[in-house]
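User: I should like to learn how to read a helix in the context of its whole fold. Could you guide me through one case?

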Amino acid sequence: MPKADLHTHSVYSDGTSSPREVVIAAQKTGVGIFALADHDTVDGVLQAQQECEARHIPFVPAVEISTREHDHLHFLGLNVNIHDPQFAAFLAHNRQVRVERIKKIIAQLQAAGLNLTPEDVFSRAPNTVSRAHVADALKQKGIVPSRQEGFRRWLVPGQPGYVPSAGVSVAEAIRAIKAAGGLAVIAHPGLTQAVWNFPAWKEAGLDGLEVFYPAHTYTLKQELLKIARKYDLFATAGSDYHGPHSGRNSTPGMPVPQPYYDRLLSKLLKR
Ligand SMILES: [Zn+2]
Ligand SMILES: [Zn+2]
């Protein structure tokens, strides 16, 4: 079965590898089409694109946008114009909202008695900051043994450092992606089943949904393919690769049945 990966992260957001290293890892697993989709930034895209061109891997410029409607309600913008000034301003605003959230998280952790400074966190995040950088700082200070434990003990709902997502609405995220010439795809829909609203999202301009995703079961994939047919959405594939020591799956690339793979290529590469 051919492999695709339209959802990977680098050090430009919460991944642990450079864009170049992510491309190299993707080629090792035999990925036939690749996208770097860092959170709220496209600053790593050119490096990934150059590496893909050198290796003759079809490349898709992309981004992953968080929304305030759910901690995991994220949208991928595939084939966005990374030079669009309005889109750049939109992403810069989202990054600023993240900075405010992280500052609140740090204040709450300090109030809970942890010795953690803003510098400990922000020095780890040259581009888009995220809760993963807080978790990594906790790990570096010996407060937790791993990024996952940092999340579990301190950063998720019910724990002392939890602050709800801020940022844009779903409709705003979809519209910004479309305005930048991209295709809007809901990322990992299996993580947000409780808040699914495909009629409204389709109305806002949704183009696709990420069906082939590591955490999606066979049954869920079948259900998502049914939704794709009902709302005329195309199915995408992404590993959400974050690099070594991220606590995520260790290799990029998702196998995609040939008919869906062919549709992916025709949707994303004919422009
Ligand atoms: Zn996501
Ligand atoms: Zn992601």
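The dialogue below goes from the whole protein to one helix.

Analyst: This is a predicted model, in which local features need pLDDT of at least 70 and side-chain atom pairs count only at pLDDT 80 or more, while totals for chains, interfaces and linings use all residues. Residues are numbered from 1 along each chain as its sequence is written, and chains are lettered from A and ligands numbered from 1 in the order in which they are written.

User: How many helices and strands does the protein have?

Analyst: Helices (H or I, at least four residues) and strands (E, at least two) are DSSP runs, numbered from the N terminus. Here there are 10 helices and 8 strands.

User: What share of the residues is buried?

Analyst: A residue is buried if 20 or more other C-beta atoms, placed from the backbone, lie within 10 Å of its own, exposed if 12 or fewer, and partly exposed in between. Of the 271 residues, 48% count as buried.

User: Why do the buried residues of α2 lie on the same side?

Analyst: An α-helix has 3.6 residues a turn, so residues three or four places apart point the same way. In α2 (residues 45-54), the buried residues are V45, A48, Q49, E51 and C52. They lie on the same side of α2 because their arc around the axis, taken from the directions from the helix axis to the C-beta atoms, is only 165°. E53 and A54, on the other side of α2, are exposed.

User: What covers the buried residues of α2?

Analyst: The cover includes α1 (19-28), β2 (31-36) and β3 (59-66), where contact requires C-beta atoms, placed from the backbone, within 7 Å. Just after α2, H56 has a positive phi of about 60°.

Conventions
Contact = placed C-beta atoms within 7 Å.
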